[in-house]
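The following exercises concern the packing of secondary-structure elements. Please work through each task before reading its solution.

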Amino acid sequence: MRARAALPAAALALLLTAAVGGCTSGRPAPEQGPIVLATGSDLSSSGVRQDLIHAWERRTGRTVRIVKLPDTADAQRSQLLAAGQSGNSGYDVLNIDVAWTAEFAAAHVIRPWDGGLDGDFLPSVVKTATGDDGKIWAVPFNTDAGLLYYRKDILKKYHHSAEPPSNWGELKNVAVEVTNAYNREAARAAKAAGKEPPPTLYGMVAQLRPYEGLTVNTLEAAWANGGNPDATSFGKGEQIGALQMGVAELKGRLDTIMPHEATAMDETESRRWFADGRALFLRNWPVEYASIAEKLTPLVQFDVAQLPARPDGRRMSVLGGQNLAIAADSTHPSGARALIEALTDPESERCLLERGFAATRSSAYRTAGGAPHCPLPPGDAQRGEHGAGGAPSAPPDGPPPYTQVLKGALLAAEPRPRSAHYQTFSKVVQIRVSEYLDSQGGTAIADELAKEADQALSGRE
């Protein structure tokens, strides 16, 4: 074989110069194409989150393409996992439920968030972005905490404080007393007028349909009975009995102060019952406030408070919300990071709060003088994301009236178990608790639940 001829010295020098110049140009080739955001919420319609994305596009000249996932949470999760594990999802940013962080991290569908999160994010909310390995895997976008909605006017009419009950036992007693008096009076008035009696007023409604809402209500009931939100087992230490007692308490409420229809209720249906005047108390998320305010007058007919306290005075609810993460196979990681940072900065979080979402940063809850300024035009505040025709109840230039109650609830709230097997755990809870709520008595199902929950969290079938 004949040897190649040597390159002339001038040609060799030119090649070396080009190679060195390519390696030390200072920056990689710029990212091309739109940033693809996969989300279960329809951000392609009007609303504050879409407005924040458009504002970022105008500032940067970049384009964001939104891919709408299926409507149900299970279908969203399945699609994101399947796409991410294929290694070619085509996504850059994932808008994920806070309960999925640990699972998506373990499945290598998202990449770690380099540099951590700054101290302005609420400490409780940071936990939802943390995997069970202790690493930060996402950035909190919007959060949620369970609140107690209550009929202020009805409590006052029947000689109770306009403030809500301080603990669950008191709530049950008040609900029984007030609804009995209300329904007797309504029946007498209807009879005197020759009319049909109005719908029965029940003591409380909540989300007890066998879906994620039932898991949330079950966890809150377990914590109210001494459960430790940070524990990794329901069969050890102070956790022993907490889950069983919590489930028994849920059934006790269902059998005494709730309609049986609550076993088929989600957030929307339970909100409708309360707004239609068919329940004295409601456990729900703050995002439902605006829709209720369309029928009932805020601060007069109804108000919100933190969930009732457990015997040691501690108030807790489950954290909800969504986190933004960079897809593991993103082809636009720099742009994805820049978009996430913009959507979760102090000004954007203030916009979210003013438009009805729960913000993830402490600074968003400051009083007007020290609060970040929402850069969106006031007119955008009239385009809400609260269901059919639901516009935010807050004025365009300020936060909603429940802001400080919400902040207190968020600081006291806790994430769901941070486990890569959380979804299996949640399905176990939904099936077994639903069976128990529909049963005619007996505690065998509740007694087995703790063992099955531990098996699910640890990955054992």
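**Exercise 1: a helix pair**

Task. Determine which residues of helix 8 meet which residues of helix 9, and describe how the two helices cross.

Solution. Step 1: on the helix 8 side, N217, T218, A221 and A222 make the contact (heavy atoms within 4.5 Å), and their partners in helix 9 are A242, L243, G246, V247 and L250. Step 2: sorted by class, this contact comprises six nonpolar, three polar and no charged residues; Ala, Val and Leu count as nonpolar, whereas Gly is among the polar ones. Step 3: helix 8 spans residues 212-224 and helix 9 residues 242-256, and they pack at about 115 degrees with their axes 7 Å apart. Axes are lines fitted to C-alpha atoms over the stretch in contact, and angles run from 0 to 180 degrees between N-to-C directions. Step 4: helix 8 and helix 9 are therefore roughly perpendicular to each other, a term that covers 65 to 115 degrees. Step 5: their crossing is right-handed.

The model is predicted: local features need pLDDT of at least 70, side-chain atom pairs count only at pLDDT 80 or more, and totals for chains, interfaces and linings use all residues. Residues are numbered from 1 along each chain as its sequence is written, and side-chain values use heavy atoms, with hydrogens and water left out.

**Exercise 2: the sheet**

Task. State the strand order of the open sheet of four strands and identify its edge strands.

Solution. Step 1: the order is 6-7-5-8, with mixed pairing; two strands pair if DSSP finds at least two bridges between them. Step 2: strand 6 (202-205) and strand 8 (302-306) are the edges, each pairing on one side only. Step 3: from one strand to the next, the twist averages 20 degrees. Step 4: strand 5 (residues 147-151) runs antiparallel to strand 8, and five bridges join them. Within this pair, L148 stands opposite A305 and Y149 opposite V304. Step 5: helix 14 (residues 403-412) lies across strand 5 and strand 8, at about 30 degrees to strand 8. Four of the five residues of strand 8 are buried (under 20% relative accessible area, 1.4 Å probe, protein chains only).

**Exercise 3: a covered helix**

Task. Establish how many residues of helix 13 are buried and what they pack against.

Solution. Step 1: helix 13 (residues 346-354) has seven of its nine residues buried, among them E349, R350 and E354. Step 2: the buried residues pack against helix 2 (48-60), strand 4 (139-145), helix 12 (333-343) and helix 14. Step 3: G356, which follows helix 13, has a positive phi near 110 degrees.

Conventions. Angles under 35 degrees count as roughly parallel, over 145 as roughly antiparallel, 65 to 115 as roughly perpendicular and the rest as oblique. A crossing is left-handed if the near helix is turned anticlockwise from the far one by less than a right angle, and right-handed if clockwise. Buried means under 20% relative accessible area, exposed over 50%, partly exposed in between (1.4 Å probe, protein chains only).
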